[in-house]
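Trainee: Please take a close look with me at one part of this model, the aromatic rings, and follow the thread from there to whatever lies along the way.

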Amino acid sequence: MKLLVTGGAGFIASNYIRYVLSAHPDYHIINLDKLTYAGNLENLKDIEASDRYTFIKGDICDGELLRETEFDAIINFAAESHVDRSILDAQPFLQTNVMGTCNLLEVARQRGCVFLHVSTDEVYGSTREGAFHEASPLLPNSPYSASKASSDLLVRSYVETHKLKAMITRCSNNYGPYQFPEKLIPLVILNAINRKPIPVYGDGMNVRDWIYVMDHCKAVDAVFHKGASGDIYNIGSRNERPNIEIVKLILRKVAEKLGLDEDALMKLITFVGDRKGHDRRYAIDPSKTERELGWRPEMDFGEGITKTIEWYIANEQWWQRILSGDYMEYYNAQYGERLRT
Ligand code: NAD
Ligand code: TYD
């Protein structure tokens with residue numbers, strides 16, 4: 001199986017590639033990534049020498065490149081993924097998340113290959129009570145979630161119109177190793193380590209439903225192997241938390257690990273103006289995925305947060321090179337002019 005993984009240099013897909021290479025010895029992964037600010041080949045340093053792994057620097061919007069690349073199936077992780085950036089400029093979100101997905105769907109249609117589209121619970125919008133299920137209405141509120149909902153609808157249209165074999169996964173907020181430090185959990189960990197202010201939007205009582213990244217990766221793999229074409233699969237671990245509770249938990253654990261004064265770290269919490277259109281609460285019901293695919297989330301939240309903090313403490317070079325911008329040079333040093341840019 002030659003599997004095209006798009007966005008493989010990002011947070012979730014780099015974890016996914018590592019998982020697939022160990023779980024499926026007969027798989028070859030082709031990682032196609034544009035290497036935006038969020039793409040970091042240093043996420044894959046430990047596997048880049050594998051003869052079952054190929055990296056291509058490229059854009060999912062580049063139809064010619066896709067047509068000349070050999071593969072048997074596509075898992076589409078590539079996206080602009082940060083809500084705050086989509087509020088500042090929606091254009092790249094539409095370009096990559098909508099047009100790029102359309103382009104991949106077209107190639108999948110021409111080849112007759114399976115297409116798994118990795119989406120998000122944010123397409124359902126915000127809910128006061130209960131949890132999102134697969135038939136909940138799509139009510140996205142941010143340009144990011146609107147672009148993801150649009151791509152989900154395009155996938156649906158290719159299934160209905162062209163009989164493409166495709167599945168959609170909708171996962172809740174991920175955390176774990178290799179997450180880019182613009183997202184809440186790694187931002188809090190690094191700002192605590194570096195004694196920098198920790199911005200908490202609004203009253204800190206917005207609720208997100210957190211899942212450990214490897215649980216998400218295993219669910220994507222289960223959908224890829226056992227999912228029904230045209231179906232949507234919600235992925236989550238029934239783990240709702242208000243932001244402020246997570247911030248305080250991380251600060252307590254960082255203080256304990258590094259022998260720092262907990263009260264001093266708590267003083268870094270800085271309530272700032274709210275995000276525009278800030279969704280109040282996400283909650284996802286993963287019962288269908290559990291029932292039909294036999295998948296279960298395995299990581300307990302307290303343990304997952306501890307492992308994540310330990311990972312960031314142990315991998316200072318990784319994040320220092322992101323904070324300094326040096327990580328972007330890794331591609332040129334490794335691959336030079338050998339690959340298409
Ligand atoms: P990320 O921002 O860490 O990584 C995105 C990757 O896509 C980067 O490597 C980037 O270089 C690449 N990319 C961007 N535009 C591209 C293009 N035009 N062509 C090729 N590559 C391109 O994102 P992530 O957090 O790992 O999310 C991965 C996927 O999972 C996204 O589709 C996202 O919507 C979805 N998702 C994320 C979460 C979460 O909590 N992070 C939750 C649910 C779903
Ligand atoms: P984020 O990690 O950006 O994920 P998403 O917006 O996709 O859910 O944000 C998670 C929550 O944390 C969200 O409610 C916004 C909040 N947040 C802060 O309070 N401060 C921050 O600096 C960031 C980045 C997020």
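Mentor: A charge is taken to sit over a ring if NZ of Lys or CZ of Arg is within 6 Å of the ring centre and also within 35 degrees of the ring normal. K288 lies in this way over the face of Y233, at 4.5 Å from the ring centre, and R111 lies over the face of F71, where the value is 4.3 Å from the ring centre. Bear in mind that this is a predicted model, in which local features need pLDDT of at least 70 and side-chain atom pairs count only at pLDDT 80 or more, while totals for chains, interfaces and linings use all residues. Residues are numbered from 1 along each chain as its sequence is written, chains are lettered from A and ligands numbered from 1 in the order in which they are written, and side-chain values use heavy atoms, with hydrogens and water left out.

From charges over rings we can turn to rings beside rings. Two rings of Phe, Tyr or Trp (the six-membered ring in Trp) count as a pair if their centres lie within 6.5 Å, with planes under 30 degrees apart called stacked, over 60 edge-to-face and the rest tilted. The structure holds 12 aromatic pairs. One of them is formed by Y16 and F77, a tilted pair with 5.3 Å centre to centre and 45° between the planes. This pair links distant parts of the chain, since Y16 sits in helix α1 (residues 11–23) and F77 in the loop between β4 (73–76) and α3 (83–88), 61 residues apart. The element names follow DSSP runs numbered from the N terminus, helices being H or I of at least four residues and strands E of at least two.

How enclosed are these two rings? Buried here means under 20% relative accessible area, exposed over 50%, and partly exposed in between (1.4 Å probe, protein chains only). Y16 is buried, with a relative accessible area of 0%, and F77 also counts as buried, at 11% relative accessibility.

A second pair is that of Y312 and W318, whose ring centres are 5.9 Å apart and whose planes stand at 75°, so the pair is edge-to-face. Y312 is buried, with a relative accessible area of 0%, and W318 is buried as well, with a value of 7%. These two rings belong to a wider group, in which ring pairs link Y178, W311, Y312 and W318 into a cluster.

Within that cluster Y178 deserves a closer look at its backbone. Most residues other than glycine have a negative phi, and most peptide bonds are trans. Y178, however, has a positive phi of about 75° although it is not a glycine. Y178 is found in the loop between β7 (173–175) and α6, and at 14% relative accessibility it counts as buried.

The loop that holds Y178 leads to α6, and eight of the 10 residues of this helix (residues 184–193) are buried, so α6 is largely enclosed by the rest of the structure. The buried residues in α6 are I185, P186, V188, I189, L190, N191, A192 and I193. Just after α6, R195 takes a positive phi of about 50°. A further positive value in a residue other than glycine is that of L35, with phi near 55°. L35 is found in the loop between β2 (28–33) and β3 (53–57), and at 19% relative accessibility L35 counts as buried.

One more aromatic residue, F224, lies in helix α7 (residues 213–226) and is buried, with a relative accessible area of 10%. F224 and H117 are 107 residues apart in sequence and 9.8 Å apart in space, C-alpha to C-alpha.

Finally, the cysteines can be checked for covalent links. With a disulfide taken as a pair of cysteine sulfur atoms within 2.5 Å, the count comes to zero disulfides. The sulfur of C102 is 9.7 Å from the closest cysteine sulfur, in C61, which is too far for a bond, and C102 is partly exposed, with a relative accessible area of 23%. C217 is likewise in no disulfide, the nearest cysteine sulfur, that of C171, being 9.0 Å away, and at 1% relative accessibility C217 counts as buried.
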